[in-house]
Amino acid sequence: MTAAEAVKQVKDGDRVVVGHACGEPPTLVEALVARGPELKGVEVVHMVAMGPARYAQSGMEGSFRHNSLFVGASTRKAVSEGRALHTPCFFSEIPRLFSWRILPVDVTLMQVTPPDAEGFCSLGVSVDYTLAASRSDRVTIAQMNKYMPRTLGAKIHLDEIDCIVEKDEPLIELKPPAIGDLEKAIGENVAKLIEDGSTLQMGIGAIPDAVLLFLKGKKDLGIHSEMFSDGLVSLAEAGVVTNKKKTINTGKFVATFLMGTRKLYDFVDGNPDVVMQPVDYTNDPNIIGQHEKMVSINSALQVDFMGQVNAEMIGRNQFSGVGGQVDFVRGASRSKGGKSIIALPSTAAKGKVSRIACALDAGSAVTTSRNDVHFIVTEYGAAELRGKSIRERAKALIAIAHPDFRDSLTAQAKEQGLL
Ligand code: COA
């Protein structure tokens, strides 16, 4: 059917779950937004919205209320202005929020490949929470798109889809970030901590991509990550990532979503070495922890002297969300030989603010707790915090703060009785 016909299934007050990141079905979302004038109180639940998220724009409040599970560029303003909501939750928990009906789902908007000979469609670049939503909803609406790569792993049968809209259009792409000297210095410090044969989880952005630049001399790395991007394709082609030493899922890249360019989508299309699984599998700390030498690499906005990490708020404003950070931090700490790394620039706001601080800013959240934290890395080095006292932590963190801030941080630590 047409997209306009399919979204007629949405009723006032429904909760509509939209496929995540580059798996968002743009044609279905646009058709839903076009119904705005005749709809009331429809809750749109989305994790990272990579499209324009017009349902969250000013003036849409009567028709749509956006409930963001991770605030991104196109939804941040709506959340900070109180026109949209943010629901904090670990990425690994989202499928359970839907299937246990803590957040009951009425309609799922997803994107799939055309079916194979047995009638199974691949969920392509976004398996994460979409499959769980579709299995607990009233109506599943799928955009069937030949540009969606056919990835192995989780799949959905035609019988499980209520409305199919055939619409071929290029997927949303994420261009590789610009990597400057700062990111390179951080990347180099992180890469020093990674041993041959490690299994890696890496987030998105310039810092993880900079780390990849310094992994070219490593051997037999593996990937068990919530996502991966173009940078990894080059490392796989160069024979650095082989997945051979992975303790489980040996030989396979495992992820739950992918964000990148067509180069990445072509790499995973029909690739028997890439397995896409739901996020309650990939991000389960018990699964992550089964990998020996599991290394998680994530970023943050601020770290205090105790090692509390804020990766999601600037003051009282929600900037992003926890995503899979804590899932992987906890998984890596259970792993034999594992390391969890939080890598961040030493300053923010063009060098005016130190990200190493005596306390987190008032109103901001603790993303990774001081009990979970392991390594903090800046362009000035690495501080290992696990097993260290608060005093030792403060000292180690000040040593990797920007030199311009070390004296004032030392004075604050003395005032707090830490030095
Ligand atoms: N005080 C004031 N401003 C700050 C700040 C601080 N402590 N820290 C950062 N900022 C500002 C920066 O200056 C920047 O603003 P600008 O662009 O105007 O210079 C802005 O906030 C964004 O900071 P930046 O560090 O560039 O963000 P990022 O895009 O690299 O994202 C996180 C970093 C931490 C927000 C992101 O990695 C995240 O959301 N992490 C949590 C989720 C996660 O780890 N998931 C698992 C992997 S996918």
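Start at the ligand: one of its nitrogen atoms sits 3.1 Å from a backbone N or O atom of L301. Keep in mind that this is a predicted model. Two side chains also offer polar atoms to ligand oxygens. For S320, the distance from a polar side-chain atom to an oxygen atom of the ligand is 2.6 Å, and for Q325 the corresponding distance is 3.0 Å. Taken as a whole, the protein covers 68% of the ligand's accessible area, which is 970 Å² for the ligand on its own.

Now step back to the whole shell. There are 20 residues around the ligand, and the ones that come nearest are N298, S320, Q325, A349 and R355. So S320 and Q325 turn up again, because a residue counts as near through a heavy atom within 4 Å. Sorted by class, the shell holds 10 nonpolar residues, eight polar ones and two charged ones.

From N298 you can walk into the protein interior. N298 is among the contacts of I341, along with V190, L193, V295, S296, I297, F375 and V377, once neighbours of I341 within four places in sequence are set aside. I341 is in turn a member of the largest nonpolar core, which has 70 residues; F98, V190, I194, L215, F228 and I341 are the ones that touch the most other members. Both domain 1 (3-166) and domain 2 (181-415) feed this core, with at least three residues from each. Apart from it there's another core, made of 30 residues, including V29, A31, V33 and A78. As a general backdrop, nonpolar side chains tend to be buried together in soluble globular proteins.

Conventions. Residues are numbered from 1 along each chain as its sequence is written. This is a predicted model: local features need pLDDT of at least 70, side-chain atom pairs count only at pLDDT 80 or more; totals for chains, interfaces and linings use all residues. Side-chain values use heavy atoms; hydrogens and water are left out. A polar contact is a pair of N or O atoms within 3.5 Å; within protein, one must be able to donate a hydrogen and the other to accept it, and residues adjacent in sequence count only if both atoms are side-chain atoms. Accessible areas come from the Shrake-Rupley method with a 1.4 Å probe; for residues, only the protein chains shown count as cover. Ala, Val, Leu, Ile, Met, Phe, Trp, Tyr, Cys and Pro count as nonpolar, Asp, Glu, Lys and Arg as charged, and the others, Gly among them, as polar. A nonpolar core is a set of buried Ala, Val, Leu, Ile, Met, Phe, Trp, Tyr and Cys residues joined through side-chain atoms within 4.5 Å. Buried means under 20% relative accessible area, exposed over 50%, partly exposed in between (1.4 Å probe, protein chains only). Domain bounds come from an automatic or database domain assignment. Contact means heavy atoms within 4.5 Å.
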